[in-house]
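User: Could you walk me through this structure with me? I have a few quick things to ask about it.
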Amino acid sequence: MDALACITSKQQLESFRVEFLGKKGRLTQVLRGMGSVSPEQRPIIGQLANDIRLFIEEQMDTLLLQLEANELEVKLLQEKIDVTMPGKRQRIGKKHPLTTVLDELVDIFIGMGFTIAEGPEVELDYYNFEALNLPKGHPARDTQDTFYISDNVLLRTQTSPVQIRVMEKKKPPIKIIAPGRVYRSDTVDATHSPLFHQIEGLVVDKGITMADLKGTLEILCKKLYGNDTKVRFRPHHFPFTEPSCELDILCPSCNGSGCRVCKSEGWIEILGAGMVHPRVLERCGINPEIYSGFAFGIGLERITMRRYGIYDLRLFFENDLRFLQQF
Ligand code: PHE
């Protein structure tokens, strides 16, 4: 029993069991040796060996319970939670500046009665170019070179194809915006990225004129940049609008005298727009004799850069927390 008293773990207990009660254990040896014991002695020695075995097993059971209780106690002590330890701070993310400005723009347009439309980023050549008066071989396609999946499938270069998709499905009155990603095979620099975002706008109804276009976009600029923002509409060309224009705001940094922000222009370009070309309406099954409309396309990165005074477009896409945490 001294041997049992020294046992402090379950492994030791198991070795003990093997040593005494195992196949080659000491007690088993005694029972094996019974053959050489005289028949009169045999039952006595057999009984004795059995009693000893029962006794050892009993002792072992008691010891096992005790060992298990000890183990549990040690475990409980080790796993004690120190409630005074400082916690791990969960860092909370926030909206990307592009998302913040997009949400704001969406709010402004919804306030003016627009609804939101969507179109695919992987687009047919027909919707991205052809239906917008940019047939194959048109020189204006060169400025919007993109990534082709096949001859007729490409990554859209603008959100304008959503105009066509909406007009094919829905008859006027139409009043939608369509925000989303667009792609061009431009080399990355401070003002170019092969992926950027646009917000398309389209209004089609009876009696829509350039005055509606100007009024809507002027309100947009004032809501976005403040009530005393000065805007100007400058003639431009897009194949799918006629007439076309670009909208500039007076540079808020220099008030028109010319500075680094406006690249000495005095004005900053905000968006492209125009009256929907009659051929575009016609192609979508809308009679241009009855209906007219205007459309516009806003570059989200550009608006966001103006808003926060960001000078490098690449910062939007680098996921650097030192940048993102400033907004
Ligand atoms: N899609 C044109 C562009 O990417 C912008 C635009 C949209 C112009 C709608 C006029 C009308 O440059």
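Analyst: Gladly, and one term first: a polar contact is a pair of N or O atoms within 3.5 Å, where, within protein, one must be able to donate a hydrogen and the other to accept it. Please keep in mind that this is a predicted model.

User: OK, which backbone oxygen lies 3.5 Å from a polar atom of the Thr-28 side chain?
Analyst: That is the backbone oxygen of Leu-21, while Thr-28 itself sits in helix H3, which covers residues 26–32.

User: And what else does Thr-28 touch, leaving out residues up to four places away in sequence?
Analyst: With those left out, Thr-28 touches Phe-20, Gly-22 and Lys-23 as well as Leu-21.

User: Switching topic, how many disulfides does the structure hold?
Analyst: There are zero disulfides; for Cys-221, the nearest cysteine sulfur belongs to Cys-245 and is 11 Å away.

User: Why is there no bond between Cys-251 and Cys-254?
Analyst: Their sulfurs are 3.7 Å apart, which is too far for a bond because a disulfide needs the two sulfur atoms within 2.5 Å. Cys-251 is also buried, with a relative accessible area of 1%.

User: Now the interior: which residues have the most contacts inside the largest nonpolar core?
Analyst: Those are Phe-109, Leu-271 and Phe-296, in a core of 40 residues, and helix H5 supplies the largest share of that core, six residues.

User: What does Phe-296 touch, beyond residues up to four places away in sequence?
Analyst: Its contacts include Phe-109, Phe-114, Ile-177, Leu-217 and Leu-271. Apart from the largest core lies another one of 25 residues, with Phe-129, Ala-131, Leu-134 and Ile-286 among them.

Methods:
Residues numbered from 1 in each chain as written. Predicted model: local features only at pLDDT ≥ 70, side-chain atom pairs only at ≥ 80, totals over all residues. Heavy atoms only, no water. Helix = DSSP H or I, 4+ residues; strand = E, 2+ residues; numbered from the N terminus. Contact = heavy atoms within 4.5 Å. Buried < 20%, exposed > 50% of the residue type's maximum accessible area, 1.4 Å probe, protein only. Core = buried A, V, L, I, M, F, W, Y, C linked by side-chain atoms within 4.5 Å.
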